[in-house]
Amino acid sequence: MIQKTLKVIGIIVTVLIILFFTVLPILTDKIANSINGKPLPPPSARARALVKKIFIADLHCDALMWNRDLLEKNSRGHVDIPRLIEGGAALQTFSVVSKAPLAMMKGDNVNDKNDLVTLLDIAQLWPTRTWFSLKQRALYQSEKMRTISGSSGGRCALITSVENLDKYLERRKKDRAITAALLSIEGAQVLEGNPDSIDVLYRAGFRMLSPTHFFDNDMSGSAHGLEKYGLTAKGKTMIRLMEEKGMIVDLAHASPRTIDDILAMAKKPMVVSHTGVRGVCPGVRNLSDRHIRMISEKGGVIGIGYFSTATCGKSLAAVVRSIRFAVDHAGVRHVGLGSDYDGLVPVPFDTTGLVHLADALLKDGFTEEEVGLIMGGNIVRLLRETLPKK
């Protein structure tokens, strides 16, 4: 009887282990990174023509967190190289997530316990070096992106400087069946307490970093954190090193005090890679009117997210409403796209649906020139002003 019971227990444990390593990551990806609502109606001919002319760029996606082959068109999630090209996306920022508390959806007073990314890391059989080191998680994901770029047959360039941005722009004038990637990091916890680790991350190809994600860390306080403090002494050193090297400071998820501290010391424009605005959608991480104005005065770009906690809605119209508010308060040259694709959020359309956003912006009264700025032109300008020359 005991042997039979142990055998049954063994079978159950084996099945659970198999499910953990095979079903859990795929099911999580499929459910969390879904499309809201019904298919959108066909876009106008004017919008279809426009997206073939403008440079479209997005400031944030988390596709590297998932074990999908991004060189192939996938049936789940929001982003891969074929879909970027199909949708006309000229540049996608790929952000690295190293740690995200299970309680993150609570939104406020989040601690750094019960890490979701560790579970995904192990379940997706990432290298063991990534299981216990946040820096190694970031470096592994940068390796994934460099491999994708190198294996893409020229379809995906990795942007690290103004020089190779310009070369890519010249190529794209002749061939629009290509796209580009920019590597970013979500949260300075990957530095593991040492600002000098910026050098390692820079050499790995990262050109953007946000001081915080869902919790306070050694460098600064998070909008969601327990204490929500500003930049620490280490954090100020980190910002100086980033600007010296040509790494873009990302204010997404930062506490109001952190935003104030960075605005006070920054010498270059910064971004808010994926956010909402409180004038449309009150929320702990969404920007106040004051911060919208101050970021624009610094020459920055505010990336409007497509997810419900950014827009207080699930529709394309909700995204456009937030873009309109941001433009009215920051100016049309300081607003961009910050989808948060593949970031455990449902959105109204994946990257193949960018033409629908262009159409909705045109119908809202934006000119074609303004749509071009919002959907990518402003980001190109900021990259030229912030990235290293070579």
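This briefing covers helix H12 and a set of salt bridges in the structure above. The model is predicted. Helix H12 runs over residues 316–330, and many of its residues, including Leu-316 and Ala-330, are buried. The salt bridges number 20, among them pairs that link distant parts of the chain, such as Asp-342 with Arg-68.

**Helix H12**

- H12 has 15 residues, and the distance from its first C-alpha to its last is 21 Å, close to the 21 Å expected at 1.5 Å a residue.
- The buried residues of H12 are Leu-316, Ala-318, Val-319, Val-320, Ser-322, Ile-323, Phe-325, Ala-326, Val-327 and Ala-330.
- An α-helix has 3.6 residues a turn, so residues three or four places apart point the same way.
- Among the helices that cover the buried residues of H12 are H10 (289–297), H11 (308–311), H13 (354–363) and H14 (368–386).
- The cover also includes two strands, E8 (301–304) and E9 (335–337).
- Gly-331 follows H12 and has a positive phi, near 100 degrees.

**Asp-342 and Arg-68**

- The side chains of Asp-342 and Arg-68 form a salt bridge with an N to O distance of 2.8 Å.
- Asp-342 sits in the loop between E9 and H13, while Arg-68 sits in the loop between strand E1 (56–61) and helix H3 (81–87), and the two are 274 residues apart.
- Asp-342 counts as buried because its relative accessibility is 0%, which is under the 20% cut-off.
- Arg-68 is also buried, because its relative accessible area of 7% is under 20%.
- Both residues belong to a network of salt bridges that links Asp-29, Arg-68, Arg-76 and Asp-342.

**Asp-350 and Arg-83**

- A salt bridge joins Asp-350 to Arg-83, with the closest N and O atoms 3.2 Å apart.
- This pair links distant parts of the chain: Asp-350 is in the loop between E9 and H13, and Arg-83 is in helix H3, 267 residues apart.
- Asp-350 and Arg-83 are both buried.

**Arg-384 and Asp-166**

- Arg-384 and Asp-166 form a salt bridge in which the closest N and O atoms are 2.7 Å apart.
- Arg-384 lies in helix H14 and Asp-166 in helix H6 (residues 162–174), so this salt bridge ties together parts that are 218 residues apart in sequence.
- Arg-384 counts as partly exposed because its relative accessibility is 35%, between the 20% and 50% cut-offs.
- Asp-166 is partly exposed as well, because its relative accessibility of 28% falls between 20% and 50%.
- H14, the helix that holds Arg-384, is also among the elements that cover the buried residues of H12.

Definitions and conventions:
Residues numbered from 1 in each chain as written. Predicted model: local features only at pLDDT ≥ 70, side-chain atom pairs only at ≥ 80, totals over all residues. Heavy atoms only, no water. Helix = DSSP H or I, 4+ residues; strand = E, 2+ residues; numbered from the N terminus. Expected span 1.5 Å × (residues − 1). Buried < 20%, exposed > 50% of the residue type's maximum accessible area, 1.4 Å probe, protein only. Contact = heavy atoms within 4.5 Å. Salt bridge = Lys/Arg side-chain N within 4 Å of Asp/Glu carboxyl O.
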